[in-house]
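Reader: Got a minute to walk me through this one? I'd like the overall layout, then a pocket.

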Amino acid sequence: MNIEKLLANPRFRWERAPTPDPEVLQSFLRSAPPNLPRTYVRLLQQTNGGHGPNPFDSGPFSLWPVEEVVRRNERHGLSERVPGYFGFADNGGGRIYVFDLRAPDGAPVCSVAGEPVEGEEPKQLRSSFSEALDPETRLLVGRLALLGG
């Protein structure tokens, strides 16, 4: 997926943050899991967080800034609550979006509650981050949400 082309697409409707400081990004990549999706890393190279329509549901989507990703994972206790998953965004309403990094081939996007919920398992939303960012997929999700589906 061409991230520059995606961000320039008016149908993507994304409020970009400035690009991150390269040293901060490299520091994050050294401390983050080594198998993060390449599309996610390429997006972080272009925008240090941002906001836009939610690719999984109606409402907002907030990509966490590089400086905050590891800290937010720790604050929400994600490595203890859902081992093998790594948070990267939220919906501003109590849901955290996480990558399932346990699979050897790819990283499905899942969601979990921001606060621990007894017995909650991560819910898979998309098979990949690229699928979640695809403007056609986002348009379809928006239409389904309007229809109540």
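Author: Sure, we can take the fold and the surface, then a pocket. Keep in mind that this is a predicted model.

Reader: Noted. How many helices and strands are in the chain?

Author: The chain has seven helices and seven strands.

Reader: And in what order do the elements run from the N terminus on?

Author: The order is α-β-α-α-β-β-α-α-β-β-β-β-α-α.

Reader: What share of the contacts join residues at least 24 apart, counting those between residues at least 6 apart in sequence?

Author: That comes to 50%.

Reader: OK, burial next. What percentage of the 149 residues is buried?

Author: Buried residues account for 45% of them.

Reader: And the surface, how much does the chain expose?

Author: About 8200 Å², and carbon and sulfur atoms supply 51% of that area.

Reader: Switching to pockets. What's the volume of the second largest one?

Author: About 220 Å³.

Reader: Which residues lie nearest its centre?

Author: Leu36, Pro37, Arg38, Gly106 and Ala107 do, out of a lining of 14 residues.

Reader: Which elements give two or more residues to that lining?

Author: Those are α3, covering 38-46, and α6, covering 129-133. The most comes from α3, which puts three residues into the lining of this pocket.

Reader: Last one: how do the lining residues of the second largest pocket divide into nonpolar, polar and charged?

Author: Seven are nonpolar, five are polar and two are charged.

Note on methods
Residues are numbered from 1 along each chain as its sequence is written. This is a predicted model: local features need pLDDT of at least 70, side-chain atom pairs count only at pLDDT 80 or more; totals for chains, interfaces and linings use all residues. Side-chain values use heavy atoms; hydrogens and water are left out. Helices (H or I, at least four residues) and strands (E, at least two) are DSSP runs, numbered from the N terminus. Buried means under 20% relative accessible area, exposed over 50%, partly exposed in between (1.4 Å probe, protein chains only). Contact means heavy atoms within 4.5 Å. Accessible areas come from the Shrake-Rupley method with a 1.4 Å probe; for residues, only the protein chains shown count as cover. On a 1 Å grid over the protein atoms alone, a cavity is a set of points where a 1.4 Å probe fits but cannot get out, and a pocket is an open set with protein on both sides within 12 Å along at least five of seven lines; lining residues have an atom within 4 Å of a point. Grid points are joined across faces, edges and corners, and a volume is the space filled by probe spheres set on the points. Ala, Val, Leu, Ile, Met, Phe, Trp, Tyr, Cys and Pro count as nonpolar, Asp, Glu, Lys and Arg as charged, and the others, Gly among them, as polar.
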